[in-house]
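Thanks for making the time this morning. I would like to walk you through one structure, beginning with its pocket and then moving outward to the rest of the chain.

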Amino acid sequence: MSPRAGLTPDAVVTLALEVVDADGADALSLAKVAERAGVATPSLYKHIGGLAALRRLVDLRVVAEMTEALRAAATGRSGDDAIEALADAYRAYLRTHPHRVAALETAPDEGDEELAKATHGVAEVAFAVLRPYGFDYARTVHATRCLRAAVHGFASLETSGGFGRPEDVDASFTLLKTMLVRGITDYAS
């Protein structure tokens, strides 16, 4: 195989995400990415430092995409409307990319400042949405964790087929958003 013209680290990450989206995060391998790139596996080392480095770059991309999705959803909104928009955007991202869930579940290694900063970007959007409720820093952290746990958990269960009953899942999600808004409002008072 000859090197594919235009292959860059960013392009390798895009191809890796295609593998993840098609086959799941556990299926990601340099061989599968190389096959999609039309190059021999060793050629990837010119662009990335190996599978662990590629997984980290995938995590960075996913976190950045999620941050942008949340930011776009929250822009121009405030209060309860912003919370619901944030929840909708988070769910929509995971429904569109169900195999990317693992990239959003684990806190980054403390030594990885770039990934830590990117991960904090997601939290900063939630902090901004929660600012009008008047929480101090610690209460904002608690509210953010609860919001994330509820929405991430719901979306993760939904995309993995965890809701087997026939009742409308969208109705359940609407109820979850109502409960979150009421809970955050009560927590603020």
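Let me start with the largest pocket, which has a volume of about 890 Å³. Its lining is made up of 35 residues, and those closest to the centre of the pocket are Thr119, His120, Val122, Ala123 and Arg148. Please keep in mind throughout that what you see here is a predicted model. Which helices supply the lining of this pocket? At least two residues come from each of α3, α4, α5, which spans 113–130, and α6, which spans 137–159. As for the chemistry of that lining, 22 of the residues are nonpolar, five are polar and eight are charged.

Let me now step back to the chain as a whole. It contains seven helices and zero strands, so that, read from the N terminus, the order of elements is simply α-α-α-α-α-α-α. Along the principal axes, the C-alpha atoms occupy a box of roughly 65 × 40 × 25 Å. The chain has 189 residues, of which 41% count as buried. If we take the contacts with a separation of 6 or more, 68% of them are between residues 24 or more positions apart.

Two annotations are worth placing on this picture, and both come from an unreviewed UniProt entry. In that entry, the domain labelled "HTH tetR-type" covers residues 6–66. In the model, this span is 64% helix and 0% strand, and its end C-alpha atoms lie 26 Å apart. The UniProt record also lists residues 29–48 as "DNA-binding region". That span is 40% helix and 0% strand, with its end C-alpha atoms 13 Å apart.

Next, the charged side chains. Side chains of opposite charge can pair when their charged atoms come close. How many salt bridges does the structure hold? There are 14 of them, and I will take three in turn.

The first I want to show you pairs arginine 36 with glutamate 18, where the closest N and O atoms are 3.2 Å apart. This pair links distant parts of the chain, since arginine 36 sits in helix α2, residues 30–37, while glutamate 18 sits in helix α1, residues 9–23, and the two are 18 residues apart. Are these two side chains buried, exposed or somewhere in between? Arginine 36 has a relative accessibility of 37% and therefore counts as partly exposed, and glutamate 18, at 34%, counts as partly exposed too.

The next pair is arginine 71 with glutamate 68, whose side chains meet in a salt bridge at 4.0 Å, N to O. Both belong to helix α3, residues 51–74, and because they are three residues apart there, about one helical turn separates them. Arginine 71 is partly exposed at 38% relative accessibility, and glutamate 68 is partly exposed at 45%.

The last of the three joins arginine 95 and aspartate 170, with an N to O distance of 3.8 Å. Arginine 95 lies in helix α4, residues 79–96, and aspartate 170 in helix α7, residues 169–188, so this salt bridge ties together parts of the chain that are 75 residues apart in sequence. Arginine 95 has a relative accessible area of 43%, which makes it partly exposed, and aspartate 170, at 37%, is likewise partly exposed. This pair also belongs to a network, in which salt bridges with shared partners connect Arg91, Arg95, Glu158 and Asp170.

Finally, I would like to look at two buried residues. Where does arginine 100 lie? It is found in the loop between α4 and α5, and with a relative accessibility of 7% it counts as buried, because the cut-off is under 20%. Setting aside residues up to four places away in sequence, arginine 100 touches Leu17, Val20, Asp21, Val62, Glu65 and Tyr93.

The other one is threonine 144, which is located in helix α6. Threonine 144 has a relative accessible area of 10% and so is buried as well. Beyond its neighbours within four places in sequence, threonine 144 is in contact with Ala126, Phe127 and Leu130.

That is the tour I had planned, and I am happy to go back to any part of it.

Note on methods: Residues numbered from 1 in each chain as written. Predicted model: local features only at pLDDT ≥ 70, side-chain atom pairs only at ≥ 80, totals over all residues. Heavy atoms only, no water. Helix = DSSP H or I, 4+ residues; strand = E, 2+ residues; numbered from the N terminus. Buried < 20%, exposed > 50% of the residue type's maximum accessible area, 1.4 Å probe, protein only. 1 Å grid on protein atoms, 1.4 Å probe; cavity = no way out; pocket = protein on both sides within 12 Å on 5 of 7 lines; lining within 4 Å. Points joined across faces, edges and corners; volume = space filled by probe spheres on them. Nonpolar A, V, L, I, M, F, W, Y, C, P; charged D, E, K, R; others polar. UniProt positions renumbered as here; feature names shortened; annotations may be inferred. Contact = heavy atoms within 4.5 Å.
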